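Reader: I am new to reading structures. Could you walk me through this one and tell me what each term means as we go?

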Amino acid sequence: MAQIVAKEEIAPKFMKYVIHAPEVARKHRAGQFVMILLHDHGERIPLTIAGSDREAGTITLVVQEVGKTTMEMALMPPGTEIEVAGPLGTPTHIEKWGTVVCIGGGAGIAPLLPIAGALQRAGNEVIAILGGRTKELVILREEMEGFADEMIYTTDDGSFGRKGLVTHALTSLIEERGNPDIVFAIGPAIMMKFVSLLTKPYGIPTVVSLNSIMIDGTGMCGCCRVSVGNETKFVCVDGPEFDGHQVDFDLLMKRQRTYLAQEEEARQRFLKDHQCRALNAQEDQR
Amino acid sequence: MSRDLKPVERMKIPRHPMPAQDPLARRKNFQEVALGYTAEMAMEEAERCLQCKKPYCIDGCPVGIDIPEFIKRVRDGEFDKALQVIKRTNTLPAICGRVCPQEDQCESTCIVGKKYKPVAIGRLERFVADVELQQGTAKIPVRGERSGFRVAIVGSGPSGLSCAAELARYGHDVTIFEALHKPGGVLVYGIPEFRLPKDIVRYEIENLQKMGVEIRCNFVVGKTATVEDLVEELGYDAVFLGTGAGLPYFMGIPGENFIGVYSANEYLTRINLMKGYKFPAYDTPVQVGKTVAVVGSGNVAMDCLRTALRLGADHVICLYRRTRNESPARLEELEHAEEEGIDFHWLTAPVEVMGNDEGFVTSVRVIKMELGEPDASGRRRPVPIDGSEYEISLDTLVIAIGQGPNPLVTHSTPGLELNRRGNIVVDETTMMTSIPGVFAGGDIVTGAATVILAMGAGKVAARGIHEYLQKGSPTPGTPDHN
Ligand SMILES: Cc1cc2nc3c(=O)[nH]c(=O)nc-3n(C[C@H](O)[C@H](O)[C@H](O)COP(=O)(O)OP(=O)(O)OC[C@H]3O[C@@H](n4cnc5c(N)ncnc54)[C@H](O)[C@@H]3O)c2cc1C
Ligand SMILES: Cc1cc2nc3c(=O)[nH]c(=O)nc-3n(C[C@H](O)[C@H](O)[C@H](O)COP(=O)(O)OP(=O)(O)OC[C@H]3O[C@@H](n4cnc5c(N)ncnc54)[C@H](O)[C@@H]3O)c2cc1C
Ligand code: SF4
Ligand code: SF4
Ligand code: FES
């Protein structure tokens, strides 16, 4: 069993957890994730490792509360034991490319951190574009500043950085300074889809990290399958990173919605069972 | 006590049917279908055994249980002694008595079966094991005197469990590393509750832990640590790989990624391991659907079909490209499925899966087949009949056409020799792989097979490992098991 040793709310509905899992920390490389299970009745969900500390034997997870499991996790006090398996997935391929643009949206900013760090250590010039609906949802800004040579922020409502989407910022960047050598984009599927559509005509290699539904995370069930270059791949073992120009994002987005009805039912039941103030406050924001 | 009967009279005693839940009731619940013999039934069935001088039945059992001896004990009402006889060679009789394909193994070679129905060896084995389970009188096998050697077992399916038990008896320190959060392998995530209650598996695993075997779940070998790390960094003196055949095969036809198309592994894992049938009390959802079709006709397919019924589907269809005669499922499962009302479409193969704009599966187009010339496996090859295609509307499609070896361990272990299907190559007498000190057995070596074969392999490997530890290398050429 692994243990939650610390947790912190870093933005509304974004929790950062430090988890004691020494074996996972020891092997972790950028781009990998863990499968967690909160308890006997729980669901196994994948979460990217946003950082690790080998000495302390801990990993960091940054989790957005979107449904039953992530909301329940947010209520767990430090000291709680949970099941954690990993590190899973193929690590990011890191190389010295030259200029690299790292684009992060929403919860995707967290997994981008270790990748940006590794890219910088490999000698790349890292330009980070982070986006969100509004200022406080552009998370982990300070952490990313530590890894990036240049930061660009976008918000939908213009409350911070430039108003608009990350794709707008990327377009201006390309127009002003020409093609970067490679783009890494992690965020909602729709964001990754439009980044990939944008870079394709320019011929800029684009790596995306797919978030399909998973169960085991070890290649045993095929539930995470996606179509890449018209071939079926398992995200948990073949990925999670793929060539964004080859991914069938529409299929991914459809498959993500498989259990929409059940997820809503579970969420409602959970809210009913936990009529605490904090959750109601969050509910109001929805 | 035994009655004084002539062989012919014994043979003429009708084989005692297995009491079972009523088909109409059981298709709606997950409780065990086969209820087990009572003591009277078991003793009566045991009378049918001729106590052969040359017992052919033993040749049919992959672990060579002394069948006439244990049946004699049952006949005499000495159930605990019967169990001792079985346990000499089979550590998990409550499981094997339930899931062995007896009609292809021990019962296929029973002499009574030549003219009449064979002695119900499997049911007797289950009965004997259940007596112990119910009375809770199990004697935990004693762990041998500490040898000081440490062995890592990868995978907690039947091969890993039996290898661990055997090694503990030799006195070695054993740790089982399991990728999932619960030990048991297919026994837990695959075979459903109504065929193999999970309490039985848990009980056997707890006994193993009482023998001192340590089980580390959530440990994915190849990721959390490689085989090399187990030896070099964690200090294990030998490693056994029992990782099974966990990689699901798809058909490679268009439309297989529509929502509602499941691999058998996903379907069964959601339901058995994650208890999806109890959603929302358990958090993992599963799509139920009114009409469910399953492709394939082995044990895995039967489990999916019968599970779909129990989840509440109205119409459950089996699509198989050959006929009932070629169906690889255990006869009992096939019969149970028929009784429960599964709609079998023999000689039928899917060609394309269709779905709607939201990405959900809506139907499958199939083609009728006929049997042609025998293929490499000796079975007549199914040949499509031109122009015989038609469409079946459905909500869920489960693909149960087989599994291959999961490459997580094999690909992260340089120097490990594999065959062209990706299975690990071993020396069959010692089960040692191309890497000294690394052994393997079960489905990862043979391809998807049976529980008892995996257990047998785990045992042979344990002996190979024991000899390797003592001498630095296992002695090749020693006879199989026992
Ligand atoms: C490789 C990978 C890495 C991820 N890393 C992070 C991360 O670092 N931080 C973060 O906040 N989120 C991450 N996610 C997404 C996270 O797994 C989901 O948000 C989480 O499973 C939602 O569970 P829930 O019960 O709270 O919500 P639900 O209400 O159950 O689901 C909300 C949405 O999450 C997705 N989802 C649901 N169940 C699963 C599941 N078992 N597996 C995957 N997705 C599911 C579905 O698209 C669903 O519509 C990652 C996903 C993947 C595949
Ligand atoms: C649905 C179904 C029904 C079946 N019905 C029958 C039946 O009625 N009768 C019968 O005799 N046989 C049946 N079988 C076949 C039988 O279950 C298998 O042959 C047997 O379980 C194989 O045992 P094993 O120990 O080789 O592997 P498994 O039981 O597959 O166990 C392998 C274990 O290794 C773990 N593992 C894999 N990779 C790693 C890793 N990298 N690190 C750590 N752990 C890992 C897995 O999680 C798993 O727990 C059935 C199989 C299925 C799927
Ligand atoms: S272990 Fe299986 S094959 Fe052997 S006697 Fe028992 S049921 Fe028959
Ligand atoms: S072959 Fe049949 S009759 Fe003979 S000993 Fe075995 S079980 Fe009994
Ligand atoms: S999550 Fe099961 S195969 Fe990827």
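Author: Gladly! A residue is near a molecule if one of its heavy atoms lies within 4 Å of it. By that rule 36 residues surround ligand 2, and the closest are B:Val99, B:Ser159, B:Glu178, B:Val221 and B:Asp443. Please keep in mind that this is a predicted model, in which local features need pLDDT of at least 70 and side-chain atom pairs count only at pLDDT 80 or more, while totals for chains, interfaces and linings use all residues. Residues are numbered from 1 along each chain as its sequence is written, chains are lettered from A and ligands numbered from 1 in the order in which they are written, and side-chain values use heavy atoms, with hydrogens and water left out.

Reader: What makes B:Val451 a polar contact of ligand 2?

Author: A polar contact is a pair of N or O atoms within 3.5 Å; within protein, one must be able to donate a hydrogen and the other to accept it, and residues adjacent in sequence count only if both atoms are side-chain atoms. A backbone N or O atom of B:Val451 is 2.9 Å from an oxygen atom of ligand 2, so the pair qualifies. The backbone of B:Val186 also has such an atom, at 3.1 Å from a ligand 2 oxygen, and for B:Pro158 the distance is 3.3 Å.

Reader: How do you know how much of ligand 2 the protein buries?

Author: Accessible areas come from the Shrake-Rupley method with a 1.4 Å probe; for residues, only the protein chains shown count as cover. Ligand 2 taken alone exposes 1000 Å², and the protein buries 95% of that.

Reader: Why are the residues around ligand 4 called nonpolar?

Author: Ala, Val, Leu, Ile, Met, Phe, Trp, Tyr, Cys and Pro count as nonpolar, Asp, Glu, Lys and Arg as charged, and the others, Gly among them, as polar. The shell around ligand 4 includes B:Cys49, B:Leu50, B:Pro55 and B:Ile111, and its residues divide into 10 nonpolar, no polar and no charged. Around ligand 2 the classes are 18 nonpolar, 13 polar and five charged.

Reader: What makes A:Lys27 and B:Asp229 a salt bridge?

Author: A salt bridge is a side-chain nitrogen of Lys or Arg within 4 Å of a carboxyl oxygen of Asp or Glu. The N to O distance between the side chains of A:Lys27 and B:Asp229 is 2.5 Å, so the pair meets the rule. Across the interface of chain A and chain B, the rule finds four salt bridges.

Reader: How many residues of the two chains are in contact?

Author: With contact meaning heavy atoms within 4.5 Å, 44 residues of chain A touch 46 residues of chain B. The two chains bury about 3700 Å² between them, 53% of it on carbon and sulfur atoms. Buried area here is the accessible area (1.4 Å probe) that two parts lose on being put together, summed over both.

Reader: Which residues surround ligand 1 most closely?

Author: The closest of its 23 residues are A:Pro46, A:Thr48, A:Val62, A:Gln64 and A:Thr70. A nitrogen atom of ligand 1 is 3.0 Å from a polar backbone atom of A:Met214. The protein covers 89% of the 870 Å² of accessible area that ligand 1 has on its own. By class, this shell has 11 nonpolar, eight polar and four charged residues.
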